[in-house]
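I opened a fresh page for this one and wanted to know what holds its parts side by side. Here are my notes, in the order I looked things up.

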Amino acid sequence: MSATAQLKKGQETRAMRTSQRLNALRLDAEKIRRSHVNGEISADEAAKQLSALKIKYVGFFERILDL
C-alpha cells in the first residue's frame with residue numbers, strides 16, 4: 001500500500017471516528033431533551049446532565065475545533 005493510500009485510510013478513519021462521536025453526542029443530548037419534554041426530569045436536572053455531557057466531550061470539542 002502506498003503512503004498516500006495509507007494517509008487517506010487514516011484520514012477516513014479519523015473522519016469516521018469524529019462522525020461517530022458527533023452522532024453519540026447528538027443522541028445523548030436528544031435523550032436528555034426528550035426526558036425533559038416528557039416531564040421525566042426538571043429543567044435544572046436537564047441543565048446538569050447537559051453540563052456533564054459537555055464535560056464528558058470537552059477533549060473532543062477541543063480536538064474538533066483545532067482541525
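These entries cover the nonpolar core first and then the salt bridges.

**Entry 1: the model.** I am working with a predicted model, and I kept that in mind throughout.

**Entry 2: the core.** I asked which residues make up the largest nonpolar core. I found 7 of them: Leu25, Ile32, Ile41, Ala46, Leu53, Tyr57 and Phe60. I then checked where they come from, and helix 1 (3–37) and helix 2 (43–56) each supply at least two residues of this core. I jotted down the general background too: nonpolar side chains in soluble globular proteins tend to be buried together.

**Entry 3: Tyr57.** I picked one core member, Tyr57, and looked up what it touches. Leaving aside residues up to four places away in sequence, Tyr57 is in contact with Arg21, Ala24, Leu25 and Asp28. Of these, Leu25 is also on the core list, and I marked Asp28 to come back to.

**Entry 4: salt bridges.** How many salt bridges are there? I get a count of 3, and I went through them one by one.

**Entry 5: Asp28 and Lys56.** My marked residue turned up again here, as the side chains of Asp28 and Lys56 form a salt bridge with an N to O distance of 3.8 Å. Asp28 sits in helix 1 and Lys56 in helix 2, so this pair ties together parts that are 28 residues apart in sequence. I also looked up accessibility: Asp28 is partly exposed at 23%, while Lys56 counts as exposed at 55% relative accessibility.

**Entry 6: Arg26 and Glu30.** I next turned to a pair within helix 1. Arg26 and Glu30 form a salt bridge, with their closest N and O atoms 3.3 Å apart. What separates the two along the helix? They are 4 residues apart, which means about one helical turn. Arg26 is partly exposed at 45% relative accessibility, and Glu30 is partly exposed as well, at 22%.

**Entry 7: Glu30 and Arg34.** I stayed with Glu30, whose side chain also meets that of Arg34 in a salt bridge of 2.6 Å, N to O. This pair too is 4 residues apart in helix 1, so about one helical turn lies between them. Arg34 has a relative accessible area of 47% and is partly exposed.

**Entry 8: putting it together.** I noted that Arg26, Glu30 and Arg34 are linked in a network of salt bridges. Beside that network, I have the Asp28 and Lys56 bridge joining helix 1 and helix 2, and both helices contribute to the core.

Conventions:
Residues numbered from 1 in each chain as written. Predicted model: local features only at pLDDT ≥ 70, side-chain atom pairs only at ≥ 80, totals over all residues. Heavy atoms only, no water. Core = buried A, V, L, I, M, F, W, Y, C linked by side-chain atoms within 4.5 Å. Buried < 20%, exposed > 50% of the residue type's maximum accessible area, 1.4 Å probe, protein only. Contact = heavy atoms within 4.5 Å. Salt bridge = Lys/Arg side-chain N within 4 Å of Asp/Glu carboxyl O.
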